[in-house]
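Here are some short exercises for getting to know a fold step by step. Keep the sequence and the picture side by side, try each task yourself, and then read the solution.

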Amino acid sequence: MDKVEIYTDGACKGNPGAGGWGALLVFGANEKELFGGEAHTTNNRMELMAVIQALNALNRSCKVILHTDSQYVQKGITEWLAGWKARGWKTASRAPVKNIDLWQALEVAQARHQVDWRWVKGHAGHDGNERADALANKGVENIL
């Protein structure tokens with residue numbers, strides 16, 4: 001099974017506001033950059049979208065090391081998702097889960113891969129994260 005490193009980030013000018021997502025995929029010596037944006041969205045939605053688009057860009061099942069600076073994404077997929085589903089997509093306080101459409105899309109996107117979810121501190125000089133951040137901002141710029 002191929003091994004791919006993925007770095008993702010989301011950005012928003014206003015929250016809600018114009019948003020962008022970016023992803024850097026690294027496979028050996030090869031790299032692929034992805035980005036996009038939406039006119040009216042939130043930072044959390046863009047963080048999720050970056051991961052979904054990156055995983056869906058893979059043509060076959062892979063071992064993925066996925067780096068995100070979003071604890072919302074990392075904890076959501078590794079810690080909170082099972083409880084949300086068990087409670088009928090409600091939080092522990094019985095409120096509806098926000099961004100349910102993207103959480104469900106992420107669950108499908110990750111299902112065909114072996115994903116090792118890693119949180120990295122944002123804006124701390126981590127090269128892959130800095131590049132993903134630049135791509136997310138490019139996504140915002142393209143819709144402004």
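The secondary structure of this chain comes to 4 helices and 5 strands; helices (H or I, at least four residues) and strands (E, at least two) are DSSP runs, numbered from the N terminus. The model is a predicted one, in which local features need pLDDT of at least 70 and side-chain atom pairs count only at pLDDT 80 or more, while totals for chains, interfaces and linings use all residues. Residues are numbered from 1 along each chain as its sequence is written, and side-chain values use heavy atoms, with hydrogens and water left out.

**Exercise 1. Read the chain from start to end and describe its overall build.**

Step 1. Following the sequence, you meet the pattern β-β-β-α-β-α-α-β-α.

Step 2. Next, look at the overall dimensions. The radius of gyration is 15 Å, close to the 15 Å that the globule rule gives for 144 residues, so the chain is as compact as a globular protein of that length. Here the radius is taken over C-alpha atoms, and the globule rule is 2.2 Å times the number of residues to the power 0.38. Along the principal axes, the C-alpha atoms fill a box of roughly 45 × 40 × 25 Å.

Step 3. Now check the cover. Of the 144 residues, 47% count as buried, where buried means under 20% relative accessible area, exposed over 50%, and partly exposed in between (1.4 Å probe, protein chains only).

Step 4. Finally, turn to contacts, meaning heavy atoms within 4.5 Å. Among those with a separation of 6 or more, 65% are between residues 24 or more positions apart.

**Exercise 2. Work out the order of the strands in the sheet.**

Step 1. Begin with β1 (residues 2-14). β1 and β2 are joined by 10 bridges and run antiparallel; two strands pair if DSSP finds at least two bridges between them. These two strands form a hairpin with 2 residues between them, and glycine 14 has glycine 17 as its bridge partner in β2.

Step 2. Move on to β2 (residues 17-27), where 9 of the 11 residues are buried. Another 10 bridges join β2 to β3 (residues 30-41), again antiparallel. One of the bridge pairs is glycine 19 with glutamate 38 of β3. In this hairpin, which has 2 residues between the strands, glycine 28 takes a positive phi near 60°.

Step 3. Return to β1 and look for β4. These strands pair in the parallel sense over 7 bridges, with tyrosine 7 partnered by histidine 67 of β4. β4 (residues 62-68) is mostly covered, with 6 of its 7 residues buried.

Step 4. Add β5 (residues 114-119), which runs parallel to β4 and is joined to β4 by 6 bridges. Lysine 63 finds its β5 partner in glutamine 114.

Step 5. Put the pieces together: the order is β3-β2-β1-β4-β5, an open sheet of 5 strands with mixed pairing. β3 and β5 are the edge strands, each pairing on one side only. From one strand to the next, the twist averages 20°.

**Exercise 3. Find how the helices are placed.**

Step 1. Helix α1 (residues 43-56) lies across β1, β2, β3, β4 and β5, running at about 155° to β1. Axes are lines fitted to C-alpha atoms, for helices over the stretch in contact, and angles run from 0 to 180 degrees between N-to-C directions.

Step 2. Take α2 (residues 71-86) and α3 (residues 100-111), whose axes come within 11 Å and cross at roughly 100°. They are therefore roughly perpendicular to each other, since angles under 35 degrees count as roughly parallel, over 145 as roughly antiparallel, 65 to 115 as roughly perpendicular and the rest as oblique. The residues making this contact include Tyr72, Ile77 and Trp84 of α2 and Trp103 and Leu106 of α3.

**Exercise 4. Is tryptophan 21 buried or exposed, and what is it in contact with?**

Step 1. Locate tryptophan 21 in strand β2.

Step 2. Its relative accessibility is 10%, so tryptophan 21 counts as buried.

Step 3. Leaving aside neighbours within four places in sequence, the residues in contact with tryptophan 21 include Asp9, Leu34, Phe35, Met46, Met49 and Leu135.
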